[in-house]
Amino acid sequence: MTARQQYLSYVRQGGDFFCSPQIGAGAGFDAKLAGKTWLSETTTEDTIKACRQFDMLPLFNFPLPDLSCLCDSLRWETVSEALLPDGKRHTVRRLSTPRGDLETHFLEQPLLGGAQTKFPVTEEADLSLLEYYLDCLLACSDFSPITRAVQEIRRQVGEDDALDIQWAMQPYELLGFPNVLDTSVLALECPHTFRRLMDKILLLDERLLPAVAAGGADFVFLGGPGSELIPPAYYEEFLIPYSQTLSAMAHAQGLLIYSHICSPIEPMLSLGYYNQMGIDLFETLSEPPVGNVKSLEDAFSKLDGAICTRGNLGLDLLLTASPAEILDRSVRILETAQRMGRKHILAASDYLFYDTPAENVHAMCEAVRRFHSL
């Protein structure tokens with residue numbers, strides 16, 4: 001059985017515990033192992049090489065190929081890139097449309113990564129530009145360029161490991177064009193336009209999902225903001241109903257749903273929202289100070305047993321603890337999962353940071369061997 005087959009079988013049916021630390025997604029651990037200073041310069045090959053250094057079953061997580069491969073007029077252009085006096089790098093990218101320009105600013109710090117300081121959509125007037133963007137994509141008759149691009153990722157990863165393709169698939173996220181707080185405001189201030197755009201994104205996902213599946217993906221990514229960003233009512237009105245539709249569409253293509261929520265998940269967990277979204281693999285059930293679940297036992301008791309979980313070593317612990325402490329904590333997590341009859345993959349609470357000691361990652365992997373020898 002290949003690692004890919006083992007991963008998919010475990011998520012669906014359970015089996016023997018294994019370790020799968022989250023490496024990649026711009027968090028920096030793979031950049032460090034590749035000797036790179038700027039996290040944005042990390043390549044697919046860097047991530048693959050980083051995972052190969054550990055006795056683990058990887059779930060390779062890579063972004064959806066640039067949608068401009070479907071429509072060249074939607075290609076973003078870098079209009080400026082400057083190294084600031086404080087050592088940070090500021091990049092401005094722009095998409096010009098007949099209705100106006102969309103612009104994003106990105107500020108990056110060496111070794112620590114970066115964040116958008118300006119999102120393309122910040123006010124109601126910008127929504128017409130997003131709608132133009134969506135209309136151009138929906139007018140495309142051929143989505144095979146997406147399939148070919150995913151096939152290239154699959155070629156680099158190989159046929160023997162599990163692959164996730166990630167994009168802002170949730171219609172509520174509006175393709176990630178606004179930040180989460182602005183999204184919530186726009187939903188309240190212009191509900192009819194907001195709903196129309198969400199429905200168009202759902203139509204786009206309906207065409208992207210089979211293209212991604214044909215390219216060789218195993219999982220697609222379904223996110224959801226935590227309670228520090230939106231109230232539970234947003235789950236009821238937007239995230240749950242749209243997630244159910246998206247999950248059914250993905251499952252019809254043979255894809256599994258991977259959900260990563262690294263912000264506080266209570267009270268949504270206790271309210272049972274995640275059990276309604278069609279999730280196959282969920283992370284992460286983190287206790288304070290990383291998350292806000294009462295305990296791992298309490299979280300397991302509230303999450304549907306059909307959902308496989310992944311985690312839950314806090315990044316704070318992985319950054320500061322000794323390998324012996326990591327090994328001990330990892331074994332205790334596995335003991336809890338076994339006692340409660342859970343499908344659980346040992347991993348971190350989030351994607352590994354740049355400064356995570358490699359010996360602590362090795363200790364996580366060793367913990368599974370230690371547990372099975374007890």
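A residue is called buried here when its relative accessible area is under 20%, and exposed when that area is over 50%. In this predicted model, N360 has a relative accessible area of 1%, and therefore falls under the 20% limit and counts as buried. N360 belongs to helix 12, which spans residues 358-373. Apart from residues up to four places away in sequence, the contacts of N360 are L317, L318, A321, S322, P323 and I326.

The two sheets come next. Strands of a sheet pair through backbone hydrogen bonds, either parallel or antiparallel. One sheet is open and has seven strands, with parallel pairing and the order 1-6-7-8-9-10-11. Its edges are strand 1 (59-63) and strand 11 (344-348), each of which pairs on one side only. From one strand to the next, the twist averages 25°.

Within this sheet, strand 8 (residues 256-260) and strand 9 (residues 281-283) run parallel and are joined by three bridges. H260 has E283 of strand 9 as its bridge partner. Helix 1, made of residues 3-13, packs on the sheet. This helix touches strand 1, strand 6 (162-166), strand 7 (219-221), strand 8, strand 9, strand 10 (308-313) and strand 11. The direction of helix 1 makes about 115° with that of strand 11. Helix 5 (residues 144-157) also packs on the sheet, where it touches strand 1 and strand 6. Between the directions of helix 5 and strand 6 the angle is about 145°.

The other sheet is open as well, with four strands in the order 2-3-4-5 and antiparallel pairing. Strand 2 (77-83) and strand 5 stand at its edges with a single partner strand each, so one side of each has no neighbour in the sheet. The twist in this sheet averages 20° from one strand to the next.

Strand 3 (residues 89-97) and strand 4 run antiparallel and are joined by nine bridges. Two residues link strand 3 to strand 4 in a hairpin. Across this pair, R94 stands opposite E103 of strand 4. Strand 4 (residues 100-109) also pairs with strand 5 (residues 113-118), in the antiparallel sense and over five bridges. Strand 4 and strand 5 form a hairpin too, with three residues between them. In that turn, L111 has a positive phi of about 75°. Q109 has G113 of strand 5 as its bridge partner, while H105 stands opposite K118 of strand 5.

R89 gives a view of the surroundings of strand 3, the strand in which this residue is found. Is R89 buried or exposed? Its relative accessibility is 14%, which is under the 20% limit, so R89 counts as buried. Leaving aside neighbours within four places in sequence, R89 is in contact with W38, S40, E41, E81, A82, L83, F106, L107 and E108. R89 and G114 are 25 residues apart along the chain, and their C-alpha atoms are separated by 8.9 Å.

The remaining features are spaces between the atoms. Rolling a probe the size of a water molecule over the atoms shows where empty space is left. The structure holds one cavity of 30 Å³ or more. How much space lies in the largest cavity? The volume of the largest cavity is about 40 Å³. Its lining consists of I261, C262, S263, I265, T284, S286, V290, G291 and N292. By class, these lining residues are four nonpolar, five polar and no charged.

The second largest pocket holds about 180 Å³ of space. Of the 13 residues that line this pocket, E287, P288, N312, G314 and R329 are the closest to its centre. Helix 10 (315-320) and helix 11 (323-339) are the elements that give two or more residues to the lining. The lining of the second largest pocket has seven nonpolar, three polar and three charged residues, whereas the lining of the largest cavity has no charged residues.

Methods:
Residues numbered from 1 in each chain as written. Predicted model: local features only at pLDDT ≥ 70, side-chain atom pairs only at ≥ 80, totals over all residues. Heavy atoms only, no water. Pairing = 2+ DSSP bridges. Axes fitted to C-alpha atoms, helices over the stretch in contact; angles between N-to-C directions. Contact = heavy atoms within 4.5 Å. 1 Å grid on protein atoms, 1.4 Å probe; cavity = no way out; pocket = protein on both sides within 12 Å on 5 of 7 lines; lining within 4 Å. Points joined across faces, edges and corners; volume = space filled by probe spheres on them. Nonpolar A, V, L, I, M, F, W, Y, C, P; charged D, E, K, R; others polar. Buried < 20%, exposed > 50% of the residue type's maximum accessible area, 1.4 Å probe, protein only.
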